[in-house]
Amino acid sequence: MRSLSRYILPALRPPTRPSFPNPRLFSTYRSPAMPRTAETASFKFNHTMLRVKDPKVSLKFYTEILGMDLVAKNEFESFTLYFLAFDNGTPTTAENRFGREGILELTHNHGTESDPAFQGYASGNSDPGRGFGHIAITVDDVEAACARFEQLGVRFQKKLTDGKMKHIAFILDPDGYWIEVLPNNLKV
């Protein structure tokens, strides 16, 4: 009877989750697939929002430097929302904007652009306000994209030559938010 316990008891134990690999390395680890329930089957990651000091400066950066399209603008009494996306083939419209993924919402609270006492927003990568880290874009050729960013005077948080991870870079938007630049075909 004792010899059977070594086969039966492990089968009765709940499965253990494998530990994550070294967090400093990219990994292809995926948690065990859980079937999406009927309640969550239609869920999508639609957008993320960043507060910006000066919408003219930020919109120029995101449209001219990164190549995003301004797909919507909603003006309110004390703030304006700007929605940007990479419209690769299918235009984003009022009808489909909330049904797609990958939208960036820039929120401008009126008056910050001309307030000399305004200190800016926390980027999330320093104290106080540590928490939010970055957004990311993928490109065909990271080296060419970074060379273009340098020519255009974009500030870098991490160049390709910095650190151990030579295949990624981090640029900074006008408000100091980090944008990770990755290759489209990153092998992990």
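User: In strand β5, which residues make up the covered face and which the uncovered one?

Analyst: In this predicted model, the covered face of strand β5 (residues 134-139) consists of I135, I137 and V139, while H134, A136 and T138 form the uncovered face.

User: How do you know that β5 and strand β8 pair?

Analyst: Two strands pair if at least two bridges are found between them, and β5 and β8 (residues 178-183) are joined by six bridges in the parallel sense, so the condition for pairing is met. One of the residues involved is A136, whose bridge partner in β8 is E180.

User: Why is N125 called buried?

Analyst: The relative accessible area of N125 is 18%, and buried means under 20%, so N125 belongs in that class. N125 lies in the loop between β4 (103-109) and β5, where, leaving aside residues up to four places away in sequence, N125 touches R130, F132, G133 and W178.

User: What makes the contact between K60 and E64 a salt bridge?

Analyst: The rule asks for a side-chain nitrogen of Lys or Arg within 4 Å of a carboxyl oxygen of Asp or Glu, and the N to O distance for K60 and E64 is 3.9 Å, so this pair qualifies. K60 and E64 are four residues apart in helix α2 (residues 55-65), which means that about one helical turn separates them.

User: E75 and K73 also meet in a salt bridge, so why is E75 called exposed?

Analyst: Exposed means over 50% relative accessible area, and E75 has 58%, so E75 is exposed; K73, with 44%, is partly exposed.

Terms used:
Residues are numbered from 1 along each chain as its sequence is written. This is a predicted model: local features need pLDDT of at least 70, side-chain atom pairs count only at pLDDT 80 or more; totals for chains, interfaces and linings use all residues. Side-chain values use heavy atoms; hydrogens and water are left out. Buried means under 20% relative accessible area, exposed over 50%, partly exposed in between (1.4 Å probe, protein chains only). Helices (H or I, at least four residues) and strands (E, at least two) are DSSP runs, numbered from the N terminus. Contact means heavy atoms within 4.5 Å.
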